[in-house]
Amino acid sequence: MLGKSTPFKRRPATPKKYNIRVPLKVQKAKDFPIESLYTNELKKVGNVKMGRCPFHQEDTASLALYPETNSWFCFGACKTGGDVIKFYQRLHGCTFRVAVDELSK
Ligand SMILES: [Zn+2]
């Protein structure tokens, strides 16, 4: 849940700006709503939204989207899941860096 985050402890001196900027960018990317990347029909089951997995051929919906944590899991052939960055990576076959760049725009 947002708003429940623990206070961020500052490190004394960080020599490179890179060390600070990247996690912020990654955090912004992680906040990109996973549902807006998904184009198939979704069916709401409680707090979960089920749909057909875009990563393998199937007729039944085995992909679960979890809006609360902005994550996903495929219970079908993939048997894998992750966050919105990993979803974007699989969808577009791109690297972590490219996915973060696109999602944090
Ligand atoms: Zn799948």
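The legends below accompany close-up views of a predicted model.

**View 1. The five-stranded sheet and the order of its strands.** The sheet is open and has five strands, which follow the order β1-β2-β3-β4-β5 with antiparallel pairing. Its edge strands are β1, spanning 42–45, and β5, spanning 80–83, each of which pairs on one side only. Averaged over the sheet and with direction ignored, neighbouring strands are turned by 20° against each other.

**View 2. The pairing of β1 with β2 and the turn that joins them.** Strands β1 and β2 run in the antiparallel sense and are paired over four bridges, and within this pairing Lys44 stands opposite Lys49 of β2. The two strands form a hairpin that leaves two residues between them, and in its turn Gly46 has a positive phi of about 65°.

**View 3. The pairing of β2 with β3 and the two faces of β3.** Strand β2, made up of residues 48–51, pairs with β3 in the antiparallel sense over three bridges. Two residue pairs can be followed here: Met50 has Ala64 of β3 as its bridge partner, and Gly51 stands opposite Leu63, also in β3. The side chains of β3 alternate along the strand, so that Leu63 and Leu65 point to one face and are buried, whereas Ala64 and Tyr66 point to the other face and are not buried.

**View 4. The hairpin of β3 and β4, with Asn70 in its loop.** Strands β3 and β4 are paired over four bridges, again in the antiparallel sense, and Leu65 stands opposite Trp72 of β4. The hairpin that these strands make has four residues between them, and Asn70 takes a positive phi there, near 55°. Asn70 is a residue other than glycine, and its phi is nonetheless positive. Is Asn70, in the loop between β3 and β4, buried, partly exposed or exposed? The count of other C-beta atoms within 10 Å of Asn70 is 18, and Asn70 is therefore partly exposed, since a residue needs 20 or more to be buried and 12 or fewer to be exposed.

**View 5. The pairing of β4 with β5, the loop residue Lys79, and the helix α2.** The antiparallel pairing of β4 and β5 extends over four bridges, and Ser71 has Asp83 of β5 as its bridge partner. Lys79 is placed in the loop between β4 and β5, where its phi is positive, at about 50°, although Lys79 is not a glycine. Because Lys79 has 9 C-beta neighbours inside 10 Å, it counts as exposed. The helix α2 lies across both β4 and β5, and it runs at about 120° to β5.

**View 6. The largest nonpolar core and the elements that supply it.** The largest nonpolar core has 15 residues, and those with the most contacts inside it are Ala29, Val84, Ile85, Tyr88, Ala99 and Leu103. At least two residues of this core are supplied by each of β3 (63–66), β4 (71–74), α2 (84–92) and α3. The largest share, four residues, comes from α2. When neighbours within four places in sequence are left aside, Tyr88 is in contact with Leu37, Ala99, Glu102 and Leu103.

**View 7. The buried face of α3.** In α3, the buried residues are Ala99, Val100 and Leu103. Seen down the axis of the helix, the buried residues of α3 fall within an arc of 95°, and they therefore line one face of it. Ala99 and Leu103 reappear here from the preceding view, where they are among the residues with the most contacts inside the largest nonpolar core.

**View 8. Ser104, in the segment after α3, and its contacts.** Ser104 is placed in the segment that comes after α3, the helix of residues 96–103. Which residues are in contact with Ser104, leaving aside its neighbours within four places in sequence? These contacts are with Lys25, Lys28 and Ala29. Although Ser104 and Lys28 are 76 residues apart along the chain, their C-alpha atoms are separated by 5.3 Å. Ala29, another of these contacts, is itself among the residues with the most contacts inside the largest nonpolar core. Ser104 counts as partly exposed because it has 16 C-beta neighbours inside 10 Å.

Terms used: Residues are numbered from 1 along each chain as its sequence is written. This is a predicted model: local features need pLDDT of at least 70, side-chain atom pairs count only at pLDDT 80 or more; totals for chains, interfaces and linings use all residues. Two residues are in contact if their C-beta atoms, placed from the backbone, lie within 7 Å. A nonpolar core is a set of buried Ala, Val, Leu, Ile, Met, Phe, Trp, Tyr and Cys residues joined through C-beta atoms within 7 Å. The arc is that of the directions from the helix axis to the C-beta atoms. Two strands pair if DSSP finds at least two bridges between them. Axes are lines fitted to C-alpha atoms, for helices over the stretch in contact, and angles run from 0 to 180 degrees between N-to-C directions.
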